[in-house]
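Biologist: I should like to go through this model with you. May we look at the structure and then take questions in turn?

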Amino acid sequence: MKNSMKTLIMATALTMATTGIAMATPSTQIWIPSTDVQGYKSLHLGIDNYTRTSNNSAVSHVYDLGLTAGVLPFEKLQGEVGIDYITNGNNGYDSQPLYFNAKFGTPEGSLFEGSPALAVGGYGFGTNRDHGSAYRTDQDVVYGLAAKTLPVVGRLSAGYYVGNDKLLLDVNGNKENDGVLLSWDRTMSEISDKLWVAVDYQGGDNALGALSFGASWAFAKNVSVIFGYDIYNEKKLAGKNTFTTQLDINFP
């Protein structure tokens with residue numbers, strides 16, 4: 001997600017935008033969280049890069065190294081916790097690069113026959129929580145999601161998020177700390193079971209709002225790479241659009 005707001009607004013804006021892409025990432029689609037949850041005792045290593053499409057962007061490229069672990073031994077209630085090391089070339093933010101996330105969820109069909117998958121969680125829990133700092137990282141986003149897989153169509157997901165109203169602002173410095181979460185994803189088994197595609201959207205004219213789309217190829221049973229593109233709702237806060245590559249490695 002992105003950078004920050006300006007001076008007040010700019011400072012706030014710049015603070016926001018950089019904080020944006022500096023979000024700790026739970027199990028995701030391309031950009032938004034998904035209802036997927038890591039299995040008990042499993043580990044997931046993610047190496048994500050966001051490369052700007054223009055050198056004129058106020059926000060630099062972003063690098064995210066994340067580790068997520070499954071923590072609940074139940075079939076119908078699953079949980080994961082994670083930590084991310086995120087840098088974006090801004091020394092103020094890069095001096096405290098650790099962010100945390102957590103998620104709890106139920107798989108499809110676990111509550112009753114045909115029930116959707118459900119998930120609640122949070123991300124962007126940064127370690128700089130100093131109210132007087134220009135480089136706060138406590139976006140503190142919490143969300144809820146529901147998802148259902150339909151024959152032929154694929155999986156549809158919808159939800160909502162709310163974040164820190166001191167950081168998630170619009171270009172005028174007004175609160176803009178919530179919005180919808182929407183996605184569609186599907187394994188393209190007609191072509192190959194290794195090919196997965198997705199489109200997702202995070203609402204809000206803040207540092208987090210974006211439309212993203214991409215495809216993933218599984219090079220091995222536990223290794224895949226997503227190739228995607230992110231179009232940000234408010235480029236004055238989030239920076240120019242980005243190409244993203246996301247390497248995912250699972251350890252059972």
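Biologist: Which strand supplies the largest share of the lining of the largest pocket?

Modeller: This is a predicted model, in which local features need pLDDT of at least 70 and side-chain atom pairs count only at pLDDT 80 or more, while totals for chains, interfaces and linings use all residues. Residues are numbered from 1 along each chain as its sequence is written, and side-chain values use heavy atoms, with hydrogens and water left out. A pocket is an open set of points on a 1 Å grid over the protein atoms alone, where a 1.4 Å probe fits, with protein on both sides within 12 Å along at least five of seven lines; lining residues have an atom within 4 Å of a point. Strands (E, at least two residues) and helices (H or I, at least four) are DSSP runs numbered from the N terminus, and the largest share of this lining, five residues, comes from E1.

Biologist: How do the residues of that lining divide into nonpolar, polar and charged?

Modeller: Ala, Val, Leu, Ile, Met, Phe, Trp, Tyr, Cys and Pro count as nonpolar, Asp, Glu, Lys and Arg as charged, and the others, Gly among them, as polar. By that scheme the lining holds 13 nonpolar, 17 polar and ten charged residues.

Biologist: Why is the pair of tryptophan 31 and tyrosine 232 assigned its class?

Modeller: Rings of Phe, Tyr and Trp (its six-membered ring) pair if their centres lie within 6.5 Å; planes under 30 degrees apart count as stacked, over 60 as edge-to-face and the rest as tilted. The count comes to six aromatic pairs. In this one the ring centres of tryptophan 31 and tyrosine 232 are 5.6 Å apart and the planes stand at 65°, so the pair is edge-to-face.

Biologist: How many residues apart in sequence are the parts that this pair ties together?

Modeller: Both tryptophan 31 and tyrosine 232 are buried (under 20% relative accessible area with a 1.4 Å probe, protein chains only; exposed is over 50%, partly exposed in between). Tryptophan 31 lies in the loop between helix H1 (9-21) and E1, and tyrosine 232 in strand E11, so the parts tied together are separated by 201 residues.

Biologist: Is lysine 41 buried or exposed?

Modeller: Lysine 41 belongs to the loop between H1 and E1. Its phi is near 70°, a positive value in a residue other than glycine. With a relative accessible area of 60%, lysine 41 is exposed.
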